[in-house]
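Let's look at how a few structural labels are earned. Each turn below asks for the reason behind a label and then checks it.

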Amino acid sequence: MTKRVVLIGHPVAHSLSGAMQQAAFDELGIEARYELWDRPPIELADAVTELREDEFLGANVTIPHKERVVPLVDRLTDEAHATGAVNTLTREGHKLVGHNTDVEGFKVALDKLVGRQKMPRLAVVLGSGGGARAVVYGLIREGFQRVVVFNRHLHRAEGMVKHFNRSAAHMELRAMPWHESIIEAELAKTKVLVNATSIGLDGDESPLPAEILPPDLLVLDLLYARTRLLRDAAAAGCTVSDGETMLLHQGAAAFTLWTGQPAPLETMGAALAEARAHGVRSAEGEPTGSPADEVPMAETASSGEGTPSKSGSSEAAPSEASASGTPAAGGAGAEPSSS
Ligand code: NDP
């Protein structure tokens, strides 16, 4: 019987995860089909109940359900428990286990962004949703000493900080109100900036004005695209990276959880690049900025492998696809976003 794996989100149309995971199943001869389930929050519980049947290997969970799904599963792994967010489900009999492979994906992405530099200790995070929880937990685990979180709705950032109270007891984790002057002051003191908001998903918008970006930041945008933020940051002289590495590695970890087999990373990276080249939107959307405006992503100068951008600044960690020898997407509309 062909097994089923689903992506539950809202929206999920034309998912990049679909292309990546189906290519991996096919490569390893696993009889499984990856399906996209667009389910608004009100239908989430019923969708999760359906997954308990034998035909399902498991699922991915994406925007906006990563936190809502937590009380719907029977068991959480340590990382899902620690973050309070779930992006992958597996089945144990008719019971469901919630995992968070975004944490692993973020770690690989952060390591790549930092390159050969010493791991920094100060970070600013924008956003407080499911993705931000994986980021903040990853930074705590990495040994960061000060992490400041800004979110449109301050109470949500405060809730997240409270959630991490115990795991962050040894360091300074703070929620601050979203005021440009406060963000600017924090950016002047920090080394790493992570955008974990969905700003840039539906339009060519940046969460921050270009003028407040200092030149020597390491900037990671979880969106799988050359967002305005990344273009502005690269132009300011920052090292930048998009969400591709995180997407690939969270997906690879999920694949292994469902199948018990090592993920064919090269195949998955190539499938992502191809989907991107054909303008496939991610489950979480795709910014609508004109490709003509966009600065090509390159490798981090800090890794010693970099290529200069148009602006001459160092920018962008290499994509896993290009790192593994598959062509980087370059076609029209080839700028989708994450998972
Ligand atoms: P959530 O829906 O859980 O959170 C969305 C976040 O974006 C919240 O902090 C929200 O703020 C903020 N936000 C949304 N719209 C606006 C706006 N107009 N102005 C200010 N803030 C806004 O989503 P996720 O955390 O799951 O995902 C967030 C982003 O991260 C998505 O774009 C997703 O693509 C990306 N992502 C990428 C991954 C990858 O593998 N590359 C993995 C995980 C996420 P508020 O709380 O105030 O509403």
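Q: What makes the span of helix α5 close to the one expected?
A: Helix α5 covers residues 130–142, 13 residues in total, and reaches 19 Å from its first C-alpha to its last. The expected span is 1.5 Å times one less than the number of residues, and for α5 that comes to 18 Å, close to the value in the model. Helices here are DSSP runs of H or I with at least four residues, and strands are runs of E with at least two, numbered from the N terminus.

Q: Where do these values come from?
A: This is a predicted model, in which local features need pLDDT of at least 70 and side-chain atom pairs count only at pLDDT 80 or more, while totals for chains, interfaces and linings use all residues. Residues are numbered from 1 along each chain as its sequence is written, and side-chain values use heavy atoms, leaving out hydrogens and water.

Q: How do you know whether α5 is mostly covered or not?
A: Buried means under 20% relative accessible area, exposed over 50%, and partly exposed in between (1.4 Å probe, protein chains only). By that rule 11 of the 13 residues of α5 are buried, among them Arg 133 and Tyr 137. Just after α5, Gly 143 takes a positive phi of about 95°.

Q: Why is strand β6 called largely enclosed?
A: Strand β6 spans residues 95–99, and 4 of its 5 residues are buried, so the rest of the structure largely encloses it.

Q: What makes β5 and β6 a pair?
A: Two strands pair if DSSP finds at least two bridges between them. β5 (residues 88–92) and β6 have 5 bridges, in the antiparallel sense, with Arg 91 opposite Leu 96. β4 (residues 75–76) also pairs with β6, in the parallel sense over 2 bridges.

Q: Why is the pair of Phe 25 and Trp 258 called tilted?
A: Rings of Phe, Tyr and Trp (its six-membered ring) pair if their centres lie within 6.5 Å; planes under 30 degrees apart count as stacked, over 60 as edge-to-face and the rest as tilted. Phe 25 and Trp 258 have centres 6.5 Å apart and planes at 40°, so this pair is tilted. Phe 25 lies in helix α1 (residues 16–27) and Trp 258 in helix α9 (residues 244–259), so the pair ties together parts 233 residues apart in sequence.

Q: Why does Trp 258 count as buried?
A: Its relative accessibility is 7%, so Trp 258 counts as buried.
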